[in-house]
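I am opening a notebook on a structure that is new to me, and I mean to write down what I look up in the order in which I look it up.

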Amino acid sequence: MEQSRIHLYVDAQFASPYAMSVFVVLHEKQLPFEISTVDLGNQANLDASYASASLTQRVPMLVHGDFALSESSAITEYLDEMFAESVVYPRDIHLRARARQLQAWLRSDLMPIRQERSTEVVFFGASCRPLTPAGQVAAKKLYAVAEALLSAGASNLFGDWCVADTDLALMLNRLILNGDSVPSRLTDYAAYQWAKPSVQRWVDLPRPPLPDVVSAEINEPGQTRIDRSA
Ligand SMILES: N[C@@H](CCC(=O)N[C@@H](CS)C(=O)NCC(=O)O)C(=O)O
């Protein structure tokens with residue numbers, strides 16, 4: 001099974017933070033893989049073959065041999081267990097739990113940041129209006145959590161790099177790359193994380209221009225920019 005081919009399905013804009021997380025892990029673990037894009041704007045994720053394999057109709061999806069899996073943190077945990085020579089989660093059980101907690105939190109909370117600072121800011125250089133009060137509250141919460149977890153002068157959260165570092169840096173960069181005011185300790189940390197070759201490989205992928213109109217499913221009333229990437 002370990003030797004089976006690995007195939008990663010990502011969004012066609014290469015703007016999904018969740019797809020990026022898996023892509024970075026595959027590179028960090030130096031696993032050969034093929035990549036295919038799924039055109040979310042044209043709802044290719046709803047095509048029967050993709051929908052049935054992924055179960056969730058979302059990207060990313062990993063196919064390893066005949067096993068298909070979606071949900072990015074489930075995928076990265078699977079990869080870490082299947083290919084355990086080099087790890088992308090802390091070996092210490094408590095730090096590993098903390099890294100998983102952070103990943104789960106980044107994927108389930110902070111919705112105002114995700115809505116008001118889509119990954120278009122990060123990958124297409126878009127700029128956004130000032131944060132709403134709800135956005136400011138979420139940003140403060142993010143800074144407080146990041147500062148609590150990041151020791152003074154540390155480049156990584158838990159000693160060695162782990163995938164939660166990339167996820168946290170992405171969330172911080174939604175604000176930093178828009179020019180929002182972020183504590184300098186966190187901008188230094190995010191810049192260090194962003195310079196990792198595995199991250200830069202994702203950043204440097206050739207992106208097609210953004211389509212003018214996409215699903216407004218998660219667009220907020222009064223919002224002019226649509227968040228394509230949650
Ligand atoms: N919790 C999921 C989130 C995945 C997700 O939201 N993917 C978005 C792109 S960033 C997607 O596929 N959207 C298409 C849709 O929901 O129709 C994960 O971590 O993989």
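Before anything else I fix a term: I call a pair of N or O atoms within 3.5 Å a polar contact, and inside the protein one atom of the pair must be able to donate a hydrogen and the other to accept it. I also note that the model I am reading is predicted.

**Entry 1: Asp180.** With that term in hand I looked up Asp180, and I found that a polar contact of 3.3 Å joins its side chain to the side chain of Asn178. The side chain of Asp180 also makes a polar contact with the side chain of Arg117, at 2.7 Å. As for its place in the chain, Asp180 sits in the loop between α8 and α9.

**Entry 2: the helices on either side of that loop.** Two packed helices are described by the angle between their axes and the distance between the axes. I therefore looked up both values for α8, residues 163-176, and α9, residues 184-194, and I read that their axes come within 9 Å and cross at roughly 120 degrees. An angle that is neither under 35 degrees, nor over 145, nor from 65 to 115 counts as oblique, and α8 and α9 are therefore oblique to each other. I add that the crossing of α8 and α9 is left-handed.

**Entry 3: the ligand.** Which residues are closest to the ligand? I count 11 residues around the ligand, and the closest are Asn45, Arg58, Val59, Glu71 and Ser72. Sorted by class, this shell holds four nonpolar, four polar and three charged residues. Taking single atoms next, I found a polar side-chain atom of Asn45 at 3.0 Å from an oxygen atom of the ligand. Val59 takes part through its backbone, where a polar atom is 2.9 Å from a nitrogen atom of the ligand. For Glu71 I noted 2.8 Å between an N or O atom of the side chain and a nitrogen atom of the ligand. On its own the ligand has 510 Å² of accessible area, and the protein covers 85% of that.

**Entry 4: backbone details.** Most residues other than glycine have a negative phi, and most peptide bonds are trans. Against that background I went back to Val59, and I found that the peptide bond from Val59 to Pro60 is cis, with omega near 5 degrees. Pro60 belongs to the loop between α2 (48-54) and β3 (61-64). I then looked up Phe14, which is not a glycine and yet has a positive phi, near 50 degrees. Phe14 lies in the loop that runs between β1 (6-11) and α1 (17-28).

Key: Residues are numbered from 1 along each chain as its sequence is written. This is a predicted model: local features need pLDDT of at least 70, side-chain atom pairs count only at pLDDT 80 or more; totals for chains, interfaces and linings use all residues. Side-chain values use heavy atoms; hydrogens and water are left out. A residue is near a molecule or strand if one of its heavy atoms lies within 4 Å of it. Accessible areas come from the Shrake-Rupley method with a 1.4 Å probe; for residues, only the protein chains shown count as cover. Ala, Val, Leu, Ile, Met, Phe, Trp, Tyr, Cys and Pro count as nonpolar, Asp, Glu, Lys and Arg as charged, and the others, Gly among them, as polar. Axes are lines fitted to C-alpha atoms, for helices over the stretch in contact, and angles run from 0 to 180 degrees between N-to-C directions. Helices (H or I, at least four residues) and strands (E, at least two) are DSSP runs, numbered from the N terminus. A crossing is left-handed if the near helix is turned anticlockwise from the far one by less than a right angle, and right-handed if clockwise.
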